[in-house]
Amino acid sequence: MADHSEQACRRVDASITRVFELFGKRWTGPIVSVLMQQPVHFADLRRAIPGISERMLSDRLSELGAAGLVVREVDEGPPLRVAYRLTEAGAAMEPALKELGQWADAYLGGSGSC
């Protein structure tokens with residue numbers, strides 16, 4: 001029988017909660033994955049992530065920027081272009097994200113997508 005005491009029902013670690021509040025949102029992982037490779041212009045980033053709208057991409061980039069993981073850089077041009085890159089804190093996530101990817105390959109099986 002399951003233990004439903006107070007001790008068994010401890011709260012989830014606050015750090016884990018913060019991580020999944022950010023990375024649990026749709027599109028956040030793929031955005032960071034693309035940016036781990038190199039800085040990317042907005043239009044190229046949108047093309048690299050099939051199905052994401054401009055609005056959603058903009059919203060997620062703003063959230064990642066507010067969290068200190070992504071920096072927005074404007075090239076005045078002409079033409080005016082905006083690129084995004086990971087900060088030192090964002091780049092430091094690479095080992096953890098690679099481990100999660102390996103775990104998914106081993107335990108979640110293939111999804112059939114590229």
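Colleague: What makes E63 and R60 a salt bridge?

Modeller: In this predicted model, the closest N and O atoms of E63 and R60 are 3.3 Å apart. The cut-off is a Lys or Arg side-chain nitrogen within 4 Å of an Asp or Glu carboxyl oxygen. The value of 3.3 Å falls within 4 Å, so the pair is called a salt bridge.

Colleague: Where do E63 and R60 lie?

Modeller: Both are in helix α4. They are 3 residues apart, about one turn of the helix.

Colleague: Why is R60 called buried?

Modeller: Its relative accessible area is 11%. Buried means under 20%. R60 is under that limit, so R60 counts as buried.

Colleague: And E63, why is it called partly exposed?

Modeller: E63 has 25% relative accessibility. Partly exposed runs between the 20% limit for buried and the 50% limit for exposed. The value for E63 lies in between, so E63 is partly exposed.

Colleague: What makes E63 and K25 a salt bridge?

Modeller: The closest N and O atoms of this pair are 3.3 Å apart. That is within 4 Å, so the rule is met. The pair links distant parts of the chain, 38 residues apart. E63 belongs to helix α4 (residues 54–66), while K25 sits in the loop between α1 and α2. K25 is partly exposed, at 35% relative accessibility.

Colleague: Which residues are linked with E63 in a network of salt bridges?

Modeller: K25 and R60 are linked with E63 in that network. E63 pairs with K25, and E63 also pairs with R60.

Colleague: How many salt bridges are there by this rule?

Modeller: The count comes to 8. Another one joins R85 and E73, at 2.6 Å from N to O. That pair also links distant parts of the chain: R85 is in strand β3 (residues 81–86) and E73 is in strand β2, 12 residues apart.

Colleague: How do you know that R85 is partly exposed?

Modeller: R85 has a relative accessible area of 31%. That lies between 20% and 50%, so R85 is partly exposed. E73 is partly exposed too, at 33%.

Colleague: Which residue of strand β2 (residues 70–75) has a relative accessible area of 37%?

Modeller: That is V74. V74 counts as partly exposed. From C-alpha to C-alpha, V74 and H41 are 9.5 Å apart in space, though 33 residues apart in sequence.

Colleague: What makes the nonpolar surface patch?

Modeller: V12, I16, V19 and F20 make it, with an area of about 390 Å².

Colleague: Why can I16 pass the accessibility cut-off for a patch?

Modeller: I16 has 43% relative accessibility. The cut-off is over 30%, so I16 passes it. I16 is placed in helix α1.

Colleague: What lines the largest pocket?

Modeller: It has 14 lining residues. G29, P30, S33, G101 and A104 lie nearest its centre. The lining divides into 10 nonpolar, 3 polar and 1 charged. Helix α6 gives the largest share, 5 residues. The space in this pocket is about 620 Å³.

Colleague: And what is the volume of the second largest pocket?

Modeller: About 290 Å³. Its lining includes R18, F23 and M93. Here the largest share, 5 residues, comes from α1.

Colleague: Why is just 1 residue of that lining counted as charged?

Modeller: Asp, Glu, Lys and Arg count as charged. R18 is an Arg in that lining, so R18 is the charged one. The others divide into 8 nonpolar and 1 polar.

How values were computed
Residues numbered from 1 in each chain as written. Predicted model: local features only at pLDDT ≥ 70, side-chain atom pairs only at ≥ 80, totals over all residues. Heavy atoms only, no water. 1 Å grid on protein atoms, 1.4 Å probe; cavity = no way out; pocket = protein on both sides within 12 Å on 5 of 7 lines; lining within 4 Å. Points joined across faces, edges and corners; volume = space filled by probe spheres on them. Helix = DSSP H or I, 4+ residues; strand = E, 2+ residues; numbered from the N terminus. Patch = residues over 30% accessible without salt bridge, like charges linked within 9 Å, V, L, I, M, F, W, Y side chains within 5 Å. Areas by Shrake-Rupley, 256 points an atom, 1.4 Å probe, with all protein chains shown as cover. Buried < 20%, exposed > 50% of the residue type's maximum accessible area, 1.4 Å probe, protein only.
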